[in-house]
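Q: I would like a close look at the aromatic rings of this protein and at what lies around them. Please take me through that part in detail, with the cut-off behind each term.

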Amino acid sequence: MNNLVRSAAVASVAAAFGAGAALSAPIAGAQSSLPGSLAGPDDCGTQVVTPETLAGSGWFTPDDETAAEIAEVDGAPETVGAAALTLPTSPEQGSSLYKDADEAPLADLLRDGDGLAPLSFEYTSEGQAPALQIRLNNANLHDDEDRAGSDIGFATIVWSPPAADGWSTADPGDDDQFWVTRTLEGEDGEPIPSNTRMTLDEIIDLNPDAVVTEYGVQKTRDNTAENVAVDNFTLGCETTDFELEGGASGSLDDVLGSIEGILPS
C-alpha cells in the first residue's frame, strides 16, 4: 500500500485536560462549530482545518493520549487530497483527536422522520482501523459508582470500521456493532454490560438525558497498525477536511466572503 506518510506537519494541540479531566468538560477556549446541536443546520459545509487552525476550530487531544497529526500522504484518492489526519502508533498512550461538542444532546443524532444524522469518515490503515468515539456525560449508568466519572455519567460510545482496503469509508448508519464502555441501565432496570453490541438508535433510547462532550477518532495503544489516516470527518451537515494549507470551502456565503475585497468595486 503506497499511502506512507511522507512528511509530518505536527499539529500538537494544547489541551487543557489532565489525565482524567476529559471526563467532564470541553477544552477551555475551544469553540464548537455546532453549538447546541449535532445535526445542524449551523455551519453547514466543509471546513478545511490545517495545523495552524486545528486547535482554534475546536479539535483537541487529551493530555493522556498522543495527538494525531495532519501530514502529507501518498496514494490518497482525490476526495482526500494531499494530506490527512494521521494517527501514530503510541504503545503507552494511544493516539486520538476529538471535536468539542458543547454538550449537545445525544438525541440530536436522531432526526425526526429522517433517521440518524450523517456520521462518517474516510480512512486507511495497514491493520486494525481507528475507532469512532462519542464521549458522553449524563449517561444512564447502572451501579457504576466506583468508577471514575460515574458521578457525571461519563461513558463512551465506540464503533470500529472493518480493516481498510486502501482508502475506505466508515459509514456505520444502522450498524448493530456500536457499544458503550460502561454498564447501562436497561428499560426495566436490568444491567446492560459494557461491550454489548447495539445500534446507535438503541443506545440513544437508553440514554435520554445524555449530552455529547466530544466526538472523534481514536487508535488505542493496543492497535499497532501502521500508516493510519483519517479525512473528511462528517457529523450532521459539517465535514472537516484535514489539509496542510487552507482553501475556499464550505457554504456559498463562505466562499463569497473569502473573495470579498478581491473583486473590483
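A: The charged end of Arg-135 is placed over the ring of Tyr-98, at 4.2 Å from the ring centre; a charge counts as sitting over a ring when NZ of Lys or CZ of Arg is within 6 Å of the ring centre and within 35 degrees of the ring normal. This is a predicted model, in which local features need pLDDT of at least 70 and side-chain atom pairs count only at pLDDT 80 or more, while totals for chains, interfaces and linings use all residues. Residues are numbered from 1 along each chain as its sequence is written, and side-chain values use heavy atoms, with hydrogens and water left out.

Arg-135 belongs to strand β11, where Ala-131, Gln-133, Arg-135 and Asn-137 point one way while Leu-132, Ile-134 and Leu-136 point the other way. In a regular strand the side chains alternate between the two faces of the sheet. The strand covers residues 131–137, and 7 of its 7 residues are buried (under 20% relative accessible area, with exposed meaning over 50% and partly exposed in between, for a 1.4 Å probe and protein chains only). Strands here are DSSP runs of E with at least two residues, and helices are runs of H or I with at least four, numbered from the N terminus.

β11 runs antiparallel to β17, to which 7 bridges join it, and Gln-133 stands opposite Gly-216 of β17. With strand β12 (residues 155–159), β11 pairs in the antiparallel sense over 5 bridges, and Leu-132 has Trp-159 as its bridge partner there; strands pair if DSSP finds at least two bridges between them.

Turning to the ring pairs, the count comes to 8 aromatic pairs, where rings of Phe, Tyr and Trp (its six-membered ring) pair if their centres lie within 6.5 Å, with planes under 30 degrees apart called stacked, over 60 edge-to-face and the rest tilted. In one of them, Trp-59 and Tyr-215 have ring centres 6.4 Å apart and planes at 75 degrees, so the pair is edge-to-face. Because Trp-59 lies in strand β3 (residues 59–60) and Tyr-215 in strand β17 (residues 211–219), the pair ties together parts that are 156 residues apart in sequence. Trp-59 is buried at a relative accessible area of 2%, and Tyr-215 is buried at 5%.

Trp-59 also pairs with Phe-242, with centres 5.5 Å apart and planes at 70 degrees, so this pair is edge-to-face too. Since Phe-242 is in strand β19 (residues 238–242) and Trp-59 in β3, the pair ties together parts that are 183 residues apart in sequence. Phe-242 is buried, as is Trp-59. Together with Phe-121, Tyr-123 and Phe-233, the residues Trp-59, Tyr-215 and Phe-242 form one aromatic cluster.

Phe-233 and Phe-242 appear again in the largest nonpolar core, which has 49 residues and in which they, with Leu-109 and Ile-157, have the most contacts; such a core is a set of buried Ala, Val, Leu, Ile, Met, Phe, Trp, Tyr and Cys residues joined through side-chain atoms within 4.5 Å. Among the elements that give two or more residues to this core are β11, β12, β17 and α1 (200–206). Leu-109 touches, among residues more than four places away in sequence, Ile-134, Leu-200, Ile-204 and Leu-235, a contact meaning heavy atoms within 4.5 Å. A second, separate core of 5 residues includes Val-73, Val-80, Ala-84 and Ala-229.
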